[in-house]
Amino acid sequence: MKKLLPLTAFFSALLSASVALAGGGGAHLMHVDTDMNDQGSLQNGAKLFVNYCLSCHSASFMRFNRMGKDLGLTDEQVKENLMFTTDKVGNTMEIAMDSSDAERWFGVTPPDLSVISRARGSDWLYTYFLSFYKDDSKPLGINNLVFKDVGMPHVLGDLQGGIPEPVYKTVKDDKGHEHQVIEKVAVPKGSMSDSEYAKLNADYERNVRDLVNFLEYMGEPAKMVRYSLGVKVILFLLLLFIFAFALKKEYWKDIH
């Protein structure tokens, strides 16, 4: 028998996700264009999630078979390509790591990501994944523009071609004193040509967009169904209006 997740667990996960990711900086958020109808994007995002996120972060409100159905995948495709933490396609996307071990290793239990897009917003997540940079003063050697003193490693670093480095600019404060601030972060170009470097950045931004698209889908899987149903309801109401208007004219023609 499938167990129903208690309502308290939902709010607990939402609260833990909010607390764990609340320490953001003042960086300007970049906009991301997500599309719940882009199945290719959602499938790539799911692949990135299970390969790079699911080892530490659960998605305890999403079942593998529900995800596969929404993303146009069969149970066999899900088992072969997206399942590494369980052998039952009807299970939720849980991790094998014990929460007490995670807290001992990382200092905090990695939050469940089922509703993280609703807690932080898609633009915040997109900017977050594009804002890691090298910082030798930190234990992990990295930092983040929107989440200062981040405790998570840059797990997508290999897709980005390495750890970005901060690019500084000089600004003056209200008292006229000059100091340096980070203007942007960028992976060193090295020996890459301009076209190779541009393609690397474009591919990484596309992968991040796909991952955020998938996280947004997980936050409200019924959104696609709701949008489809909404169109059908509007069309029905328009058709009903035509018949109602014709009936009204027929009813009132003898009176006038």
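Me: Buried means under 20% relative accessible area, exposed means over 50%, and partly exposed lies in between. The model here is predicted. Why does Cys 56 count as partly exposed?

Reply: Cys 56 has 23% relative accessibility. Buried needs a value under 20%, and exposed needs one over 50%. So Cys 56 counts as partly exposed.

Me: Why is Cys 53 called buried?

Reply: The relative accessible area of Cys 53 is 7%. The cut-off for buried is under 20%. Therefore Cys 53 is buried.

Me: How many disulfides are counted?

Reply: The count is 0. Cys 53 is in no disulfide, and the nearest cysteine sulfur, that of Cys 56, is 9.1 Å away. Cys 56 is in no disulfide either, with the sulfur of Cys 53 as its nearest cysteine sulfur, 9.1 Å away. A disulfide requires cysteine sulfur atoms within 2.5 Å, so a distance of 9.1 Å does not qualify.

Me: Now to a helix. Where is Asp 210, and why is it called buried?

Reply: Asp 210 is in helix H9, residues 194-219. Its relative accessible area is 5%. Buried means under 20%, so Asp 210 is buried.

Me: What does Asp 210 touch, leaving out residues up to four places away in sequence?

Reply: Asp 210 touches Ser 41, Asn 44 and Gly 45. Contact requires heavy atoms within 4.5 Å. Asp 210 and Asn 44 are 166 residues apart in sequence. In space they are 6.2 Å apart, C-alpha to C-alpha.

Me: What makes E5 and E6 a strand pair?

Reply: Strand E5 (residues 165-172) and strand E6 (residues 178-186) are joined by 8 bridges. Pairing takes at least two bridges, so the two strands pair. They run antiparallel. Val 171 has His 179 in E6 as its bridge partner. This hairpin has 5 residues between the strands, and Gly 176 takes a positive phi near 85°.

Me: Which other backbone angle is worth a look? What is phi of Asp 149?

Reply: Phi of Asp 149 is near 60°. That is a positive value in a residue other than glycine. Asp 149 is in the loop between strand E4 (142-144) and helix H8 (157-160).

Me: Why does Asp 149 count as partly exposed?

Reply: Its relative accessibility is 42%. That value is neither under 20% nor over 50%, so Asp 149 is partly exposed.

Me: Where is Val 233, and what makes it partly exposed?

Reply: Val 233 lies in helix H10, residues 223-252. At 38% relative accessibility it falls between the 20% and 50% cut-offs, so it counts as partly exposed.

Me: Which residues form the nonpolar patch with Val 233?

Reply: Leu 229, Phe 236, Leu 237 and Leu 240 form the surface patch with Val 233. Together the patch residues have about 470 Å² of accessible area. Patch members need over 30% relative accessible area, and Val 233 at 38% is over that cut-off.

Me: What is the secondary structure of the chain, and what share is buried?

Reply: The chain has 10 helices and 6 strands. Of its 256 residues, 34% count as buried. Its accessible surface comes to about 15,700 Å², and 57% of that belongs to carbon and sulfur atoms.

Key: Residues are numbered from 1 along each chain as its sequence is written. This is a predicted model: local features need pLDDT of at least 70, side-chain atom pairs count only at pLDDT 80 or more; totals for chains, interfaces and linings use all residues. Side-chain values use heavy atoms; hydrogens and water are left out. Patches are made of residues with over 30% relative accessible area and no salt bridge: like charges are joined within 9 Å, nonpolar side chains (Val, Leu, Ile, Met, Phe, Trp, Tyr) within 5 Å. Accessible areas come from the Shrake-Rupley method with a 1.4 Å probe; for residues, only the protein chains shown count as cover. A salt bridge is a side-chain nitrogen of Lys or Arg within 4 Å of a carboxyl oxygen of Asp or Glu. Helices (H or I, at least four residues) and strands (E, at least two) are DSSP runs, numbered from the N terminus. Buried means under 20% relative accessible area, exposed over 50%, partly exposed in between (1.4 Å probe, protein chains only).
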